[in-house]
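Thanks for coming. I will go through one structure today, starting with one chain and then turning to its partner.

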Protein chains: 2
Amino acid sequence: MRQWMLLTMLGWAAALSAENTPKATKETLMRRDDEFCAATKERRLEGWMSFFADDATGFPPGRDLVTGKAGLRQMYSKMFDDPEFTITWKPVKADIAASGDIGYTIGVSEINSKDKDGKRVTRKGKYLTVWKKQPDGSWKVAADLGN
Amino acid sequence: MRQWMLLTMLGWAAALSAENTPKATKETLMRRDDEFCAATKERRLEGWMSFFADDATGFPPGRDLVTGKAGLRQMYSKMFDDPEFTITWKPVKADIAASGDIGYTIGVSEINSKDKDGKRVTRKGKYLTVWKKQPDGSWKVAADLGN
């Protein structure tokens, strides 16, 4: 009998919680990824960093994995230090867990930066971004890698 | 009243379903990633391909995104065509959705391949792999990208 009551309450809790926060969908993540791009265009490093989770992982080329925002800021600030550096992207695909708390976007990017000889180059790329719903309900980047 | 019955039944269904298939954890994905590596070591391209979902996405360097196993096989077969090509890896981190149907692993890899001058090189890398539980209950790779 106790178990039956518990399950009923769990059902109510699930229904109430679903009512208060509409469950995220693939479209939520596509939109969030677009907002990530817009924030980066507008506020550069600060916009970019504002989308990363506190425990996010970065993949600096030729170096060890980086975990946490302090390390990520250090890693990414080099890119944005170049005042002409730009990065824009567009998600083309997303998927999300049934529980609506983890998902990913895949998309295409365009980066304008200096090559190793200091010459400006525009390169097309692709990326995979993992998103995780944070305790405050916001969606942040848990891991982001492009090529 | 009807809604209350529905919620109770939903609670039972959830409990029964959880009983029949133990819910996957981060450790499930770490283990699965190790199995992916072992299968690739043993059966090379066939082992590698056997871990991809039918609708998985690939990120061929300098080319457009690839979706689906036929395209992925074509993309990856070039690597394995080199009989001395090897790839090994080790996951260092994983996370999984509350619903236990989507998750990811992050790890470090070592690739032995030919560089553009045909010289053998061993390169260390890092990767991000998104896993998705398939309708048959198996975990397959939905997207995989390394650098």
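How many bridges join strand E5 (residues 120-133) of chain A to E6(A), and do they run parallel or antiparallel? Seven bridges join them, and the two strands run antiparallel. Before I go on, please keep in mind that this is a predicted model.

Let me stay with this pair. Within it, A:Tyr127 stands opposite A:Gly146 in E6(A). The hairpin of E5(A) and E6(A) has five residues between the strands, and A:Gly137 takes a positive phi near 95 degrees there.

E6(A) also pairs with strand E1 (residues 52-58) of chain A, this time in the parallel sense and over two bridges. On that side, A:Thr57 stands opposite A:Ala143 in E6(A). Strand E6 (residues 139-146) of chain A is mostly covered, with seven of its eight residues buried.

Now chain A as a whole. It has three helices and six strands. Read from the N terminus, the order of elements is α-α-β-β-α-β-β-β-β. The chain has 147 residues, and 45% of them count as buried. Among contacts in chain A with a separation of 6 or more, 49% are between residues 24 or more positions apart.

Next, how the two chains relate. A turn of 180 degrees and a shift of 0.0 Å along the axis lay chain B on chain A with an RMSD of 0.0 Å. The two copies are thus related as by a two-fold rotation axis. Both copies use the same surface: 100% of the contact residues of chain B recur in chain A.

For the sheet, I will use chain B. Its six strands form an open sheet in the order E2-E1-E6-E5-E4-E3, with mixed pairing. Strand E2 (66-67) and strand E3 (86-96) of chain B are at the edges and have a single partner strand each, so one side of each has no neighbour in the sheet. As a reminder, strands of a sheet pair through backbone hydrogen bonds, either parallel or antiparallel. In chain B, strand E5 (residues 120-133) and strand E6 (residues 139-146) pair in the antiparallel sense over seven bridges, and B:Tyr127 stands opposite B:Gly146 in E6(B).

Which helices lie across these strands? Helix H2 (residues 26-49) of chain B lies across E1, E3, E4, E5 and E6 of chain B, at about 160 degrees to E3(B). Helix H3 (residues 69-81) of chain B lies across E1, E2, E3 and E6 of chain B, at about 65 degrees to E1(B).

H2(B) deserves a second look. It has 24 residues, but its end C-alpha atoms are only 22 Å apart, short of the 34 Å that a straight helix would reach at 1.5 Å a residue. There is a bend of about 150 degrees in H2(B) at B:Arg43. Its buried residues include B:Phe36, B:Cys37, B:Leu45 and B:Trp48. The cover over the buried residues of H2(B) includes H3 as well as E1, E3, E4, E5 and E6 of chain B.

Last, one residue in an edge strand. B:Val66 is in strand E2 of chain B. Is B:Val66 buried or exposed? It counts as buried, because its relative accessibility is 12%, and the cut-off for buried is under 20%. B:Val66 touches residues including B:Ala56, B:Thr57, B:Gly58, B:Leu72 and B:Met75, leaving aside residues up to four places away in sequence. Its C-alpha atom is separated by 20 Å from that of B:Arg44, 22 residues apart along the chain.

Methods:
Residues are numbered from 1 along each chain as its sequence is written. Chains are lettered from A and ligands numbered from 1 in the order in which they are written. This is a predicted model: local features need pLDDT of at least 70, side-chain atom pairs count only at pLDDT 80 or more; totals for chains, interfaces and linings use all residues. Side-chain values use heavy atoms; hydrogens and water are left out. Two strands pair if DSSP finds at least two bridges between them. Helices (H or I, at least four residues) and strands (E, at least two) are DSSP runs, numbered from the N terminus. Contact means heavy atoms within 4.5 Å. Axes are lines fitted to C-alpha atoms, for helices over the stretch in contact, and angles run from 0 to 180 degrees between N-to-C directions. The expected span of a helix is 1.5 Å times one less than its number of residues. The bend at a residue is the angle between axes fitted to the seven residues ending there and the seven starting there. Buried means under 20% relative accessible area, exposed over 50%, partly exposed in between (1.4 Å probe, protein chains only). Copies are superposed by least squares on the C-alpha atoms of residues with pLDDT of at least 70 in both.
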